Amino acid sequence: MLVLALASAMPMAAQVQQIVGEWITVDDKTGEQLSVVKIFKATDGLYYGKIVELLVGNQDEKCVACTGADKDKPVVGLIIIRGFQEKDGKLVSGDKGRVLDPENGKFYYGKIWLEDGKLILRGSLDKKGILGRSQTWIRKK
């Protein structure tokens, strides 16, 4: 039984490891490539993502819509995926993690998974992901 449980967990862990890396964000409304986000596992065992490059606009752009400690921080270097955890082959925001939309400065619950070699990020107002929208990101080569 233990061997079966371990064997079934291996593909899920492998899928999460494939999420780690650099991804080109794509606007879900226009299809425009906007930025490069690096997703990584931190020493606390949780997953984070930060903007490492802007593909449009000014590289010195600030997050003017953000609040708190992120207010007026440079968008390049901004951590937009915070505290996600592994669950069933996906990354989920859980109770403490959130995803930040730097365009409006708001935080959302989120889920991240792979589908056909692309990353799907679902941001939502609710934990179940019903009230939200999804973006498809492509791996940076």
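These exercises work through the fold, the disulfide and selected residues of a predicted model.

**Exercise 1. Fold and overall form**

Task: Find how many helices and strands the chain has, and in what pattern they follow along the sequence.

Solution:
- Step 1. Count the elements: the chain holds one helix and nine strands.
- Step 2. Read them along the sequence. The pattern is α-β-β-β-β-β-β-β-β-β.
- Step 3. Check the radius of gyration. At 15 Å it is close to the 14 Å that the globule rule gives for 141 residues, so the chain is as compact as a globular protein of that length.
- Step 4. Take the span of the C-alpha trace. Along the principal axes it is about 55 × 30 × 30 Å.

**Exercise 2. The disulfide**

Task: Locate the disulfide, give its handedness, and decide whether its cysteines are buried or exposed.

Solution:
- Step 1. Recall the chemistry. A disulfide is a covalent bond between the sulfur atoms of two cysteines.
- Step 2. Search the whole structure. One disulfide turns up.
- Step 3. Name the pair. Cysteine 63 and cysteine 66 have sulfur atoms 1.8 Å apart, and the cut-off is 2.5 Å.
- Step 4. Assign the hand. The torsion about the S-S bond of cysteine 63 and cysteine 66 is about 60°, so the disulfide is right-handed.
- Step 5. Judge burial. Buried means under 20% relative accessible area. Cysteine 63 has 0% and is buried. Cysteine 66 has 1% and is buried.

**Exercise 3. Threonine 25 and leucine 131**

Task: Place threonine 25 and leucine 131 in the fold, and classify each as buried or exposed.

Solution:
- Step 1. Place threonine 25. It lies in strand β1, residues 21-26.
- Step 2. Classify threonine 25. Its relative accessible area is 6%, so it is buried.
- Step 3. List the contacts of threonine 25, leaving aside neighbours within four places in sequence. They are Glu32, Gln33, Leu34, Ser35, Val37 and Trp137.
- Step 4. Place leucine 131. It sits in the loop between β8 (118-124) and β9 (132-139).
- Step 5. Classify leucine 131. Exposed means over 50%. Leucine 131 has 52% relative accessibility, so it is exposed.
- Step 6. Look around leucine 131. Leu125, Ile130 and Leu131 form a nonpolar surface patch, with about 350 Å² of accessible area together.

**Exercise 4. Whole-chain totals**

Task: Find what share of the residues is buried, and what share of the accessible surface belongs to carbon and sulfur atoms.

Solution:
- Step 1. Take the buried share: 37% of the 141 residues.
- Step 2. Take the accessible surface. It comes to about 8400 Å², and 56% belongs to carbon and sulfur atoms.
- Step 3. Add the contacts. Among those with a separation of 6 or more, 39% join residues 24 or more positions apart.

Terms used. Residues are numbered from 1 along each chain as its sequence is written. This is a predicted model: local features need pLDDT of at least 70, side-chain atom pairs count only at pLDDT 80 or more; totals for chains, interfaces and linings use all residues. Side-chain values use heavy atoms; hydrogens and water are left out. Buried means under 20% relative accessible area, exposed over 50%, partly exposed in between (1.4 Å probe, protein chains only). Patches are made of residues with over 30% relative accessible area and no salt bridge: like charges are joined within 9 Å, nonpolar side chains (Val, Leu, Ile, Met, Phe, Trp, Tyr) within 5 Å. Accessible areas come from the Shrake-Rupley method with a 1.4 Å probe; for residues, only the protein chains shown count as cover. A salt bridge is a side-chain nitrogen of Lys or Arg within 4 Å of a carboxyl oxygen of Asp or Glu. Helices (H or I, at least four residues) and strands (E, at least two) are DSSP runs, numbered from the N terminus. Contact means heavy atoms within 4.5 Å. The radius of gyration is taken over C-alpha atoms; the globule rule is 2.2 Å times the number of residues to the power 0.38.
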